[in-house]
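Here's a quick tour of how some helices pack in this one. Have the structure open and follow along.

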Number of protein chains: 2
Amino acid sequence: VIEELRGIVGAAHVLTGADAVARYVRDWTGRFTGATPAVVRPADTAEVAAVLALCARDGTPVVPQGGNTGLVGGSVPLHGEVVLSLERLRAVGPVDPAAAQLTAGAGATLADVQAAAAGAGLLYPVDLSARGSATVGGMVATNAGGLHVVRYGDTRGRLAGYEAVLADGTVLRHLAGLEKDNTGYDLGALLCGSEGTLGVVTAARLRLVARPRHRVTALLAFSSVAAAAGAVAELRQVESLTAAELMVREGVALVRDRFGVAPPFAELHPAYLLVEAAAGHDPVDELAAAADRAEPDDVAVADSPDARAALWEVRERHTEAVNLLGPPVKLDVTLPHARLAAFLEAVGTTVEASCPGARTWLFGHAADGNVHVNVTGCAPAGDDAVTAAVLELVAEQGGSISAEHGIGTVKRAYLHLVRTPAEIATFRRLKSALDPQAILNPHVLLP
Amino acid sequence: VIEELRGIVGAAHVLTGADAVARYVRDWTGRFTGATPAVVRPADTAEVAAVLALCARDGTPVVPQGGNTGLVGGSVPLHGEVVLSLERLRAVGPVDPAAAQLTAGAGATLADVQAAAAGAGLLYPVDLSARGSATVGGMVATNAGGLHVVRYGDTRGRLAGYEAVLADGTVLRHLAGLEKDNTGYDLGALLCGSEGTLGVVTAARLRLVARPRHRVTALLAFSSVAAAAGAVAELRQVESLTAAELMVREGVALVRDRFGVAPPFAELHPAYLLVEAAAGHDPVDELAAAADRAEPDDVAVADSPDARAALWEVRERHTEAVNLLGPPVKLDVTLPHARLAAFLEAVGTTVEASCPGARTWLFGHAADGNVHVNVTGCAPAGDDAVTAAVLELVAEQGGSISAEHGIGTVKRAYLHLVRTPAEIATFRRLKSALDPQAILNPHVLLP
């Protein structure tokens, strides 16, 4: 098979030695390391199709891989699968200004797409901190969300067209990107979020937006986490709201102590919302009115790009600060808006009960009800207990056990908490229809 | 089977006489009339499931039916199917103000949903002229678009959760409506637009938006259809643009002559765009600047609700005016923005060549590239020739043969113009996976 793979993509693009494959078998968190007989790097869609047809012939399992920035073990060969890297499909087509769209190859990074959009005076509004590594294929496969979903939606909402290859080598291509197009099932929407289990995304047609001419960024301080959570409903009424990021005292103190960056207030507050609005008009009055209604204890408005960057730095360095305490358990969940405050108040106690001495760090995209629960000080042996306890709490509150990271291998055992047996059985029916031999990411998503 | 159906839904809700079923076997255009052994009207989702399980047992074909306002023959029993009417599933749940969502039964009308949203100070922004009859189930099944897609997206984008029943009676329910929720395949997005062929939608969780406090409506007059089409790119840069509706001289003259309503200009112009923007702030300056760049020959701004209604009346009475000339061939297509002008200039000639003496009426949602091509004066015998000629022209231009109406029975024979054999084969694989006996709308969508 290795020899036949070389015949398809060229010998230089079938990697087999331990050193050559090292960066493909380990995800960037270092939590997930696997092994592979070969990493295959096709040059184009036709080669992807030929590789998959070959693997289908022999029933060879395949893990499709993009930037490998996922957090749930969905893109590394944990069971000895062949790795199908899309990194060479990196073309970013010209921006169509009339449609405000572009077509990008699966291997193009988010930063590549953002730069191409900016070059045409437009914006690709999905954004996340792994923008330099995360790829279009991976973002479509996991329906990436990120910082600005409240305003611009997730990747599925941005997807105007797709190109993908099914397990048997069938190429699906629907890239015209028409605004209204009801001509059959939306295969793009189905592939989006399927985590490489239904097909391999090779290109995407993406919707861009006008670049906002005005942006307002402010930090609101609150007397309690519940007060901050309660303020979200007011802020969500601002139609140009692009972010409302939650931080709490403990995390902010950690960032301050480690990196010397802190909110521009004399003292720390129990909770904060970093809020931003961006639009073609100046949204400052609308945002200020909503902030007033939210009754914060204090407000700092960024009056310069540096001030804006300083506010965002406090939020963005949370992950790094927590990682310095040792590998955290990272859980990415969504709560119904009405339950967010109750969850934030309860989750620390739940963690402590399942792993005495553990510390809970909370931050995230409060505008979406999306909380990143990080837990440190829990021996690896305690990971499962913490994961189970937190995800069960989320499910009890009517939330989602995966907001934006997907199920991967980590959360497969918990999928039943939020999806019914009928739903999971239906997922299997679709999986069998498109990948009857189960060669595509066979150990991901489905329990 | 009829007796068993009565056992499930009650004798009063299994209609069998010719008079009793008359309004269920004929669509509202009158173009499609079928026959049915029975119209079944379940009271709730459990009864829908029981009805489908029974039909699956016997292999009985079923046509799911909502408001029967579709235009492509997708909701009437043209081959003697049982009609499954969802009209009794009419509950509209309370608005969740924190999430800005509500759950509505399949039988609730669009007007019901809009009223419930308005009652909470919010807006359900999908809108179309059949709002008093079109139902939630039908709108989800056909991914309804309508007047404001440019700003608010289509029904799929509004769908935060779903409840549906598969052909075998399996109930799928995922109605939490979380903003971020990557826990498996998006069955809602797949069912949306599947035209009743994959499952029967019984309820939907719908995203609402803030009610715009400001609205600006204006009519722009142009010296040619191409100039109007070219202006769309400028107008689309207004982020609060909610509509840019195309009209042309012939259609406006017809509306004026029949109904006495006309644009507020001294003479008719070759083409018009009815433009509207709505937002939390006053969008008049942004819209005026874009309109200036579009270089219209004349502009009328509505300065009162009555003036706004008068402008919209010219646009909305096009359908009625054309229908008075006899049953038109109605084709609903999307063009790439860059090809819209060329299509509009060419389509009349194409129609004339395929059916000499026929007249072509053009109007539609230009902001989406969506044109409603109506053709009159073509004997019924010429319908197929006109349909084929126009849809082939659309396909040549890279457009979609169905913008918002779906494929139904009318366009099945043309699906190959815009979808590849690989795509259609993939549709069939999904159909077989979810409805292996092909009992759900078996004569719709797939060729």
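What follows looks at the core, then at three helix pairs, then at one buried helix.

Keep in mind that this is a predicted model. A good place to start is the largest nonpolar core, which has 136 residues. Those with the most contacts inside it are Leu273, Phe343 and Val373, each listed for chain A and for chain B.

Take Val373(A) and skip its neighbours within four places in sequence: it still touches Val329(A), Lys330(A), Leu331(A) and Val333(A), along with Phe343(A), Val347(A), Thr360(A), Trp361(A), Leu362(A) and Val390(A).

Some of those contacts lead straight into a helix pair. Phe343(A) and Val347(A) belong to the α14(A) side of its contact with α15(A), and Val390(A) belongs to the α15(A) side.

Here are the three pairs together.

| Helix pair | Angle between axes | Axis distance |
|---|---|---|
| α14(A) (340–354) and α15(A) (383–396) | about 150 degrees | 9 Å apart |
| α16(A) (421–434) and α16(B) (421–434) | about 140 degrees | 9 Å apart |
| α9(B) (225–235) and α14(B) (340–354) | roughly 155 degrees | within 8 Å |

With angles over 145 degrees counting as roughly antiparallel, α14(A) and α15(A) therefore run roughly antiparallel to each other. Their crossing is right-handed. On the α14(A) side, Ala346(A), Thr350(A), Val351(A) and Ser354(A) also take part, and they face a set that includes Ala385(A), Val386(A), Ala389(A), Leu393(A) and Val394(A) from α15(A). By class, that contact has 10 nonpolar, two polar and no charged residues.

The pair formed across the two chains comes out as oblique, so α16(A) and α16(B) get a separate label. The crossing there is right-handed. Thr426, Arg429, Leu430, Ala433 and Leu434 of chain A in α16(A) meet Thr426, Arg429, Leu430, Ala433 and Leu434 of chain B in α16(B). Sorted by class, you get six nonpolar, two polar and two charged residues.

Over in chain B, α9(B) and α14(B) are therefore roughly antiparallel, and the crossing is right-handed. Val225(B), Ala226(B) and Ala229(B) from α9(B) sit against Leu340(B), Ala341(B), Leu344(B) and Glu345(B) from α14(B). This contact has six nonpolar residues, no polar ones and one charged.

Finally, which residues of α10(B) are buried? In this helix, residues 249–259, they are Gly251(B), Val252(B), Ala253(B), Leu254(B) and Val255(B). Their cover includes the strands β12, β13 and β16 and the helices α12 and α13 of chain B. Right after α10(B) comes Gly260(B), with a positive phi near 70 degrees.

Methods
Residues numbered from 1 in each chain as written. Chains lettered and ligands numbered in written order. Predicted model: local features only at pLDDT ≥ 70, side-chain atom pairs only at ≥ 80, totals over all residues. Heavy atoms only, no water. Core = buried A, V, L, I, M, F, W, Y, C linked by side-chain atoms within 4.5 Å. Buried < 20%, exposed > 50% of the residue type's maximum accessible area, 1.4 Å probe, protein only. Contact = heavy atoms within 4.5 Å. Axes fitted to C-alpha atoms, helices over the stretch in contact; angles between N-to-C directions. Helix = DSSP H or I, 4+ residues; strand = E, 2+ residues; numbered from the N terminus. Parallel < 35°, antiparallel > 145°, perpendicular 65-115°, else oblique. Left-handed = near helix turned anticlockwise from the far one by under 90°. Nonpolar A, V, L, I, M, F, W, Y, C, P; charged D, E, K, R; others polar.
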